[in-house]
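This report goes through a two-chain model, chain by chain. The sequence and the coordinates are shown first.

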Amino acid sequence: MLNVGKIEEGFVLDHIAAGKSLSIYHHLQLDKLDCTVAIIKNARSNKMGKKDILKVECDINTLNLDVLAFIDHNITVNVIKDGEIVDKKELVLPKEIKGVIKCRNPRCITSIEQELPHIFVLADEEKEIYRCKYCEEKCRERF
Amino acid sequence: MRHLMSPLDFSVEELDRLFDLANDIEHNMSKYAHACDGRKLATCFYEPSTRTRLSFEAAMLNLGGSVIGFSDAGSSSAAKGESVSDTIRVISCFADICAMRHPKEGAPMVAASRSTIPVINAGDGGHQHPTQTLTDLLTIRSLNGSIDNFTIGLCGDLKFGRTVHSLINALVRYPNIRFIFISPEELKVPDYITDMLKEQNIPYEEVIRLEEIMPRLDFLYMTRVQKERFFNEEDYVRLKDFYILNKEKMKLAKQNMLILHPLPRVNEISVEVDDDPRAAYFKQVQYGVYVRMALILTLLEITV
């Protein structure tokens, strides 16, 4: 069993579906942050069989985790301060997702104007439907 | 500053005020003849649409304003690769209001986000065409007296027809409207629309033949059934006559039923129907000018 040490301050993202941690790493733009990140792949899990875990050592106010709710509701977010879990963050669907999903509609203005940010807006909270801000095409992307 | 991107941008109350103004314009044209003196409308049409563009231009000229613009992307700087965002910033320096048609969906919204003048979506791909919906609503209100308590049949291509989708979305905000969708199986209204009607307990029926429901309609909104929408020639030949409105079918209709059509018509309404007093589609074009005049005044915040 591989051991990864405790972090003093930051987040532990637990119960990530096996194999998805790297995609979350990119969506949270962790590659752009100057902080320690541990990506644990295929950890044993009683609940899931196999799971991924991300440990991020950073100031807990610097990271916006809203996009996680869109990616996967089942991820557990543990907030760590002074080496202890101080909070379990509840994931709320963000009203707007910017630069995470690309609009696939070939008729959308984003298909020809490259500099436009791809923005999706929460159209139906109950059904978790996001639509492109420009053309209103439904987001069909799955993680 | 306000823009018009979708017919739902205006509340029912705001639409009532807009239509009151359009009706006042209809009956007192001369009162508004100089309302936009010195103002300029830019018609930025990245794809040809003579009808809509001329309707906007006629509207502005009727108000005493003037018009600048282009009527296809090839004659604009888009051909040189200029973005919509840049174009609208430039146009904002030339004109007081802009009507934009673009083949890409959402382009007018991008323009509105960068513009310092009001932008009207004059049609963006298969997405929205709000001034057509406002035209349809004004026609219904003017000829019916109000937008409530009627049965409307929507006939033809209900799957791809954006005018139909927009009109349904706009009409569900009004009380006691019953919908009958008349189309071949291949061109039925999309599920998201029937789901929305079910959720809101709004009565609707789906039928294949026009004749069977004709006697129940107060309005018949015709659209074209295009050959290329069918999977095979055989189905097209079999079904196309079901969706052609002629004198015979009109015999089944109420004496006060009104026929609407967003135009251009090809052959789905036989020319012999044009002289029938129930044919309202050319009046609809006239209402299109009134509603665009009212819209220009409203967005420019001009009161007369």
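## Overall shape of chain B

The model is predicted. For a chain of 304 residues, a compact globule would have a radius of gyration near 19 Å, and chain B agrees with this because its value is 20 Å. Taken along the principal axes, the C-alpha atoms of chain B fill a box of roughly 55 × 45 × 40 Å.

Chain B contains ten helices and nine strands. Of its 304 residues, 45% are buried. Among the contacts in chain B between residues at least 6 apart in sequence, 75% join residues at least 24 apart.

## Domains of chain B

The domain assignment splits chain B into domain 1, made of 7-128 + 288-299, and domain 2, covering 131-284. Domain 1 is thus written as two segments, and the second of them, 288-299, lies within the residue range of helix H10, 281-299. Over C-alpha atoms, the centres of domain 1 and domain 2 of chain B are 27 Å apart.

The contact between these domains takes 18 residues from domain 1 of chain B and 16 residues from domain 2 of chain B. On the domain 1 side, the elements that give two or more residues are helix H1 (12-27), strand E4 (119-124) and H10 of chain B. By class, this side of domain 1 has eleven nonpolar, five polar and two charged residues.

## The nonpolar core and helix H10

The largest nonpolar core holds 113 residues. Those with the most contacts inside this core are Cys98(B), Met293(B), Ala294(B) and Ile296(B). Helix H10 (residues 281-299) of chain B gives the largest share of the core, nine residues.

H10(B) has 19 residues and reaches 27 Å from its first C-alpha to its last, close to the 27 Å expected at 1.5 Å a residue. Its buried residues include Gln284(B) and Arg292(B), together with Met293(B), Ala294(B) and Ile296(B). An unbroken run from Tyr287(B) through Leu297(B) is on the list of buried residues. Leaving aside neighbours within four places in sequence, Ala294(B) is in contact with Leu18(B), Leu21(B), Ala22(B) and Ile25(B). These four partners have numbers that fall in the range of helix H1 (12-27) of chain B. After H10(B) comes Glu301(B), which has a positive phi, near 55 degrees.

## Exposed parts of chain B

Which helix of chain B is hardly covered? Helix H7 (residues 191-199) has nine residues, and the count of buried residues among them is zero. Just after H7(B), Asn201(B) takes a positive phi of about 55 degrees.

Asp37(B) sits in the loop between H1 and strand E1 (40-45) of chain B. Asp37(B) counts as exposed because it has 10 C-beta neighbours inside 10 Å, and the cut-off for exposed is 12 or fewer. Asp37(B) and Gly65(B) are 28 residues apart in sequence, while their C-alpha atoms are 4.9 Å apart in space.

## Chain A

Chain A has two helices and eight strands. From the N terminus on, its elements run β-α-β-β-α-β-β-β-β-β. The C-alpha trace of chain A spans about 50 × 30 × 25 Å along its principal axes. Buried residues make up 27% of the 143 residues in chain A. For contacts in chain A with a separation of 6 or more, residues 24 or more positions apart account for 57%.

The domain assignment of chain A gives domain 1 (10-89) and domain 2 (96-132). The centres of these two domains, taken over C-alpha atoms, are separated by 24 Å.

## Around Glu137 of chain A

Glu137(A) is placed in the segment after strand E8 (129-132) of chain A. Is this charged residue buried or exposed? Glu137(A) counts as buried because it has 20 C-beta neighbours inside 10 Å, and the cut-off for buried is 20 or more.

Not counting residues up to four places away in sequence, Glu137(A) touches Cys103(A), Asn105(A), Cys108(A), Arg131(A) and Cys132(A). Glu137(A) and Arg104(A) are 33 residues apart along the chain, and 8.3 Å separates their C-alpha atoms.

## Contact between the chains

Eleven residues of chain A are in contact with eleven residues of chain B. On the side of chain A that touches chain B, six residues are nonpolar, two are polar and three are charged.

How values were computed: Residues are numbered from 1 along each chain as its sequence is written. Chains are lettered from A and ligands numbered from 1 in the order in which they are written. This is a predicted model: local features need pLDDT of at least 70, side-chain atom pairs count only at pLDDT 80 or more; totals for chains, interfaces and linings use all residues. Domain bounds come from an automatic or database domain assignment. The radius of gyration is taken over C-alpha atoms; the globule rule is 2.2 Å times the number of residues to the power 0.38. Two residues are in contact if their C-beta atoms, placed from the backbone, lie within 7 Å. A nonpolar core is a set of buried Ala, Val, Leu, Ile, Met, Phe, Trp, Tyr and Cys residues joined through C-beta atoms within 7 Å. Ala, Val, Leu, Ile, Met, Phe, Trp, Tyr, Cys and Pro count as nonpolar, Asp, Glu, Lys and Arg as charged, and the others, Gly among them, as polar. The expected span of a helix is 1.5 Å times one less than its number of residues.
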